[in-house]
Amino acid sequence: MNRNPDSSASASYPGSRSSAGHQAPEDQSERHMRGLANLARVDGHGGAEVLAAVEAVSPDLARYLVEFAFGDVYARPGLSLRDREIAALTALAAQSAWPQFKVHVRAALRAGLTRNEIIELVIQAAVYCGFPTALNALFATGDVFAAMEEE
């Protein structure tokens with residue numbers, strides 16, 4: 001693993017830090033637009049609804065969500081969107097973050113996971129997170145599937 005801060009890999013990401021530890025200059029509106037595009041790709045119309053709800057309480061947190069999570073992290077080339085959604089579902093289940101878990105069940109389907117693969121992730125969570133968490137994840141997943149069938 002290359003841990004050299006001067007490596008081209010660390011300098012290739014928008015907003016990455018230079019070897020001197022200073023923020024690389026970038027037009028914030030470009031970062032924001034990239035974040036909005038990735039948010040829409042991940043969460044569809046639901047992303048705009050969540051963003052509006054966050055903005056109503058804290059415009060700053062909404063900006064951080066768009067620019068950091070979706071403008072920087074989701075823009076990195078190291079994982080596919082599908083892989084990122086597997087990681088998101090796993091982490092959200094482990095935290096019992098059910099509203100966000102439900103959003104990412106839909107995102108995982110958009111990213112190419114099948115319903116069966118999502119159920120397998122839930123079963124896998126039973127091993128590492130315990131059966132109560134896996135059952136809650138299963139019920140949250142069932143809620144999303146049922147809501148999608150009603151749409």
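The lining of the second largest pocket takes at least three residues from each of domain 1 (30-77) and domain 2 (79-150). In this predicted model, that pocket has a volume of about 230 Å³. Its lining holds 15 residues, and those nearest the centre are D43, G46, K102, V103 and R106. Three helices each supply at least two residues of this lining: α2, α5 and α7 (131-150). The most comes from α2, which gives 7 residues. By class, the lining of the second largest pocket divides into 5 nonpolar, 4 polar and 6 charged residues.

**The largest pocket**

Now for the other pocket on the list. The largest pocket has a volume of about 500 Å³. The helices that give two or more residues to its lining are α2 (28-57), α3 (59-73), α4 (81-95) and α5 (98-110). Of these, α3 provides the largest share, with 6 residues. The lining of the largest pocket is made up of 21 residues, and D43, L65, F70, Q100 and H104 lie nearest the centre. If you have D43 selected in your viewer, note that it is listed among the residues nearest the centre of the largest pocket and also among those nearest the centre of the second largest one.

What classes of residue line the largest pocket? There are 16 nonpolar, 4 polar and 1 charged residues. As for the domains, the lining of the largest pocket draws at least three residues from domain 1 (30-77) and at least three from domain 2 (79-150).

**The chain as a whole**

With the pockets in place, here is the frame around them. The chain has 7 helices and 0 strands, so reading along the sequence gives the pattern α-α-α-α-α-α-α. Of the 151 residues in the chain, 31% are buried. Among contacts in the chain with a separation of 6 or more, 57% are made by residues 24 or more positions apart.

How confident is the predictor, and where does its confidence drop? The mean pLDDT of the chain is 85, and 81% of the residues reach 70 or more. Over residues 1-25, pLDDT stays under 50, and for this stretch the model has 20 contacts beyond four places in sequence.

**Four residues to look at**

A few single positions are worth a visit in the viewer. Begin with L39, which sits in helix α2. Is L39 buried or exposed? L39 counts as buried because its relative accessibility is 6%, and buried means under 20%. Setting aside neighbours within four places in sequence, L39 is in contact with G44, G47, L51 and F70. One of these partners, F70, is also among the residues nearest the centre of the largest pocket. The C-alpha atoms of L39 and A107 are 9.8 Å apart, with their positions 68 residues apart in sequence.

Q100, another residue listed nearest the centre of the largest pocket, belongs to helix α5. With a relative accessible area of 42%, Q100 is partly exposed. Its C-alpha atom lies 8.8 Å from that of L89, and the two residues are 11 apart in sequence.

Two serines sit in loops. S80 is found in the loop between α3 and α4, and S96 in the loop between α4 and α5. Both are partly exposed, S80 with a relative accessible area of 34% and S96 with one of 36%. S80 is 31 residues from A111 along the chain, and their C-alpha atoms are separated by 8.7 Å. For S96, the backbone is the thing to check: phi is positive, about 55°, although the residue is not a glycine.

The C-alpha separations described above are set side by side here.

| Residue pair | Apart in sequence | C-alpha to C-alpha distance |
|---|---|---|
| L39 and A107 | 68 residues | 9.8 Å |
| S80 and A111 | 31 residues | 8.7 Å |
| Q100 and L89 | 11 residues | 8.8 Å |

Methods:
Residues are numbered from 1 along each chain as its sequence is written. This is a predicted model: local features need pLDDT of at least 70, side-chain atom pairs count only at pLDDT 80 or more; totals for chains, interfaces and linings use all residues. Side-chain values use heavy atoms; hydrogens and water are left out. pLDDT is the predictor's confidence in each residue, from 0 to 100. Contact means heavy atoms within 4.5 Å. On a 1 Å grid over the protein atoms alone, a cavity is a set of points where a 1.4 Å probe fits but cannot get out, and a pocket is an open set with protein on both sides within 12 Å along at least five of seven lines; lining residues have an atom within 4 Å of a point. Grid points are joined across faces, edges and corners, and a volume is the space filled by probe spheres set on the points. Helices (H or I, at least four residues) and strands (E, at least two) are DSSP runs, numbered from the N terminus. Ala, Val, Leu, Ile, Met, Phe, Trp, Tyr, Cys and Pro count as nonpolar, Asp, Glu, Lys and Arg as charged, and the others, Gly among them, as polar. Domain bounds come from an automatic or database domain assignment. Buried means under 20% relative accessible area, exposed over 50%, partly exposed in between (1.4 Å probe, protein chains only).
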